[in-house]
Amino acid sequence: MLKFRPHYFILALLLFITEVLIALFLHDEFIRPYVGDFLVVILIYCFLRAFLNITVLPTALFVLVFSYTLEVLQYFNLVERLGLQQYKLARIVIGTSFEWIDLLAYTLGVLFVVYLEKTKTARRWNRSGSKIA
């Protein structure tokens with residue numbers, strides 16, 4: 001079940017740094033809210049794949065369901081219901097505002113990961129001399 005994959009860990013670390021930089025220095029209306037959401041699902045995916053020996057699709061689906069769940073919890077004002085509104089970290093991690101377009105950003109991020117993983121697997125098969133149907 002556990003297997004350390006350094007390349008996924010490095011990618012997760014780089015994405016985490018990117019997310020922090022976006023949060024600290026970008027206050028625009030596109031990159032911070034939408035590109036940040038697109039990247040965060042890739043970050044979570046890479047983090048899970050860095051430590052868990054789970055295949056691509058189950059990991060991707062878990063990340064998507066997890067992200068959707070957090071977004072729905074934002075709709076129901078989870079941070080306020082738990083009395084955590086004074087904690088900035090809780091507001092950042094859980095989020096405070098539901099937006100339908102965030103679900104699209106999460107979906108596109110997960111689809112991008114699956115596409116990259118499928119492309120990587122196809123290249124690996126091609127290098128080994130096997131034909132892909």
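In the predicted model, Gln 74 touches Ile 94, Gly 95, Thr 96, Ser 97 and Phe 98, when residues up to four places away in sequence are not counted. Gln 74 belongs to helix 3. With a relative accessible area of 7%, Gln 74 is buried, because this value falls under the 20% limit that defines a buried residue. Tyr 75 also lies in helix 3. In contrast to the buried Gln 74, Tyr 75 is exposed, its relative accessible area being 51%; the assignment follows because the value is over 50%. Tyr 75 is separated from Thr 96 by 21 residues in sequence, and the C-alpha atoms of these two residues are 7.9 Å apart in space. Thr 96 is also one of the residues touched by Gln 74.

The chain as a whole contains 6 helices and 0 strands, and its order along the sequence reads α-α-α-α-α-α. Along the principal axes, the C-alpha atoms occupy a box of roughly 55 × 30 × 25 Å. The chain has 133 residues, of which 27% count as buried. Among contacts between residues at least 6 apart in sequence, 66% join residues that are at least 24 apart.

Helix packing was examined for helix 3 and helix 6. Two packed helices are described by the angle between their axes and by the distance between those axes. Helix 3 spans residues 56-75 and helix 6 spans residues 100-127; their axes come within 10 Å and cross at roughly 170°. Helix 3 is therefore roughly antiparallel to helix 6, because angles over 145 degrees are assigned to that class. On the side of helix 3, the contact is made by Val 56, Leu 57, Ala 60, Val 63, Leu 64, Ser 67, Tyr 68 and Glu 71. Helix 6 contributes Asp 102, Leu 103, Tyr 106, Thr 107, Val 110, Val 114 and Glu 117 to this contact. By residue class, the contact of helix 3 with helix 6 comprises 10 nonpolar, 2 polar and 3 charged residues.

The largest pocket holds about 1,300 Å³ of space. This pocket is lined by 37 residues, and those closest to its centre are Glu 19, Asp 37, Val 40, Ile 92 and Val 93. Two or more lining residues come from each of helix 1 (6-25), helix 2 (31-51), helix 3, helix 5 (88-94) and helix 6. Helix 1 supplies the largest share of this lining, with 9 residues. The lining of the largest pocket divides into 21 nonpolar, 7 polar and 9 charged residues.

The second largest pocket encloses about 250 Å³. Its lining consists of 13 residues, with Tyr 8, Leu 11, Cys 46, Leu 116 and Glu 117 closest to the centre. Glu 117 is also among the helix 6 residues that make the contact with helix 3. The elements giving two or more residues to the lining of the second largest pocket are helix 1, helix 2 and helix 6. Helix 6 gives the most to this lining, namely 6 residues. By class, the residues lining the second largest pocket are 9 nonpolar, 1 polar and 3 charged.

Conventions:
Residues are numbered from 1 along each chain as its sequence is written. This is a predicted model: local features need pLDDT of at least 70, side-chain atom pairs count only at pLDDT 80 or more; totals for chains, interfaces and linings use all residues. Side-chain values use heavy atoms; hydrogens and water are left out. Axes are lines fitted to C-alpha atoms, for helices over the stretch in contact, and angles run from 0 to 180 degrees between N-to-C directions. Helices (H or I, at least four residues) and strands (E, at least two) are DSSP runs, numbered from the N terminus. Angles under 35 degrees count as roughly parallel, over 145 as roughly antiparallel, 65 to 115 as roughly perpendicular and the rest as oblique. Contact means heavy atoms within 4.5 Å. Ala, Val, Leu, Ile, Met, Phe, Trp, Tyr, Cys and Pro count as nonpolar, Asp, Glu, Lys and Arg as charged, and the others, Gly among them, as polar. On a 1 Å grid over the protein atoms alone, a cavity is a set of points where a 1.4 Å probe fits but cannot get out, and a pocket is an open set with protein on both sides within 12 Å along at least five of seven lines; lining residues have an atom within 4 Å of a point. Grid points are joined across faces, edges and corners, and a volume is the space filled by probe spheres set on the points. Buried means under 20% relative accessible area, exposed over 50%, partly exposed in between (1.4 Å probe, protein chains only).
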